[in-house]
Number of protein chains: 2
Amino acid sequence: MGKGVRIQELPGLGTRYDVDLHSGSDRVSIVVGRDGKRHLYVFTTAGDEPTAVIELTEEQARKVGAVLAGTFFVD
Amino acid sequence: MGKGVRIQELPGLGTRYDVDLHSGSDRVSIVVGRDGKRHLYVFTTAGDEPTAVIELTEEQARKVGAVLAGTFFVD
């Protein structure tokens with residue numbers, strides 16, 4: 001599962017995960033904060049400037065994550 | 001788990017999931033295609049135009065989903 005994901009500790013902040021998309025300049029970085037909050041950075045152009053950044057609570061991130069992973073269900 | 005997620009069938013295309021973020025105009029929509037591909041639409045401004053759109057294969061989506069959901073592990 002680890003292949004294609006680079007993990008970097010950000011001291012005092014949390015952990016950064018870069019997921020390689022192999023599709024042009026599209027990239028996704030997720031910073032999981034020590035408080036559980038996630039910041040999702042979406043890059044659709046080359047360079048260091050993200051196209052979009054959104055903040056997700058742990059619960060919101062779990063829902064988005066479940067939909068993406070295909071494990072979302074309605075209870 | 002279903003609360004805060006609106007699901008809409010898109011005939012012939014797949015299923016659209018809108019995840020409510022309760023944070024200003026930030027929104028996330030995910031379209032899970034019948035071929036397994038996911039399109040992630042990120043909105044950070046009001047209106048119908050997404051700020052960023054990325055396409056993910058099923059495997060890439062699983063990785064991003066696991067990181068977001070907090071179930072990512074390196075094997």
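Colleague: In this predicted model, is B:Gly12 buried or exposed, and where does B:Gly12 sit in chain B?

Modeller: The label depends on relative accessibility, with exposed meaning over 50%. At 56%, B:Gly12 counts as exposed, and B:Gly12 belongs to the loop between S1 and S2 of chain B. Its separation from another glycine is also worth reading in two ways, since B:Gly12 and B:Gly24 are twelve residues apart in sequence while their C-alpha atoms lie 32 Å apart in space.

Colleague: Which element holds B:Thr15, and is B:Thr15 buried or exposed?

Modeller: Here the cut-off on the other side applies, because buried means under 20% relative accessible area. B:Thr15 is found in strand S2 of chain B, which covers residues 14-23, and with a relative accessible area of 13% B:Thr15 is buried.

Colleague: What surrounds B:Thr15 once its neighbours within four places in sequence are left aside?

Modeller: The contacts of B:Thr15 then comprise B:Ile7, B:Gln8, B:Glu9 and B:Leu10, together with B:Ile30, B:Val31 and B:Val32. With one of these residues, B:Glu9, the side chain of B:Thr15 also makes a polar contact of 3.3 Å.

Colleague: Turning to the overall fold, what pattern does chain A follow along the sequence?

Modeller: Read along the sequence, the pattern of chain A is β-β-β-β-β-α, in agreement with a content of one helix and five strands. The C-alpha atoms of chain A fill a box of roughly 40 × 30 × 25 Å along the principal axes, and 43% of the 75 residues of chain A count as buried. As for the contacts in chain A with a separation of 6 or more, residues 24 or more positions apart account for 0% of them.

Colleague: How should one read the side chains along strand S5 of chain A, and which of them are buried?

Modeller: One looks at which face each side chain points to, and along S5 (residues 52-56) of chain A the side chains alternate. A:Ala52, A:Ile54 and A:Leu56 point to one face and are buried, whereas A:Val53 and A:Glu55 point to the other and are not. S5 of chain A is joined by five bridges to strand S4 (residues 38-43), and the two run antiparallel; within this pairing, A:Tyr41 stands opposite A:Val53.

Colleague: How many residues of chain B are in contact with chain A, and what area is buried between the two chains?

Modeller: The contact involves 43 residues of chain B and 43 residues of chain A. About 3500 Å² is buried between the chains, with carbon and sulfur atoms giving 75% of that area. Between chain B and chain A the count of salt bridges is zero, while four residue pairs are found in polar contact across the interface, both residues of each being at pLDDT 80 or more. On the side of chain B that touches chain A, at least two residues each come from S1, S2, S3, S4, S5 and H1, and H1 of chain B gives the most, with ten residues.

Colleague: What rotation relates the copies, and which residue of chain B comes closest to the axis?

Modeller: Chain B is superposed on chain A by a rotation of 180 degrees with 0.0 Å of shift along its axis, at an RMSD of 0.0 Å. The two copies are thus related as by a two-fold rotation axis. The same surface serves both copies, in that 100% of the contact residues of chain B recur in chain A. Of the residues of chain B, B:Gly65 comes closest to the rotation axis, its C-alpha lying at 1.8 Å.

Notes. Residues numbered from 1 in each chain as written. Chains lettered and ligands numbered in written order. Predicted model: local features only at pLDDT ≥ 70, side-chain atom pairs only at ≥ 80, totals over all residues. Heavy atoms only, no water. Helix = DSSP H or I, 4+ residues; strand = E, 2+ residues; numbered from the N terminus. Buried < 20%, exposed > 50% of the residue type's maximum accessible area, 1.4 Å probe, protein only. Polar contact = N/O pair within 3.5 Å; in protein donor to acceptor, adjacent residues only side chain to side chain. Contact = heavy atoms within 4.5 Å. Least-squares fit on C-alpha atoms with pLDDT ≥ 70 in both. Pairing = 2+ DSSP bridges. Buried area = accessible area lost by both parts, 1.4 Å probe. Salt bridge = Lys/Arg side-chain N within 4 Å of Asp/Glu carboxyl O.
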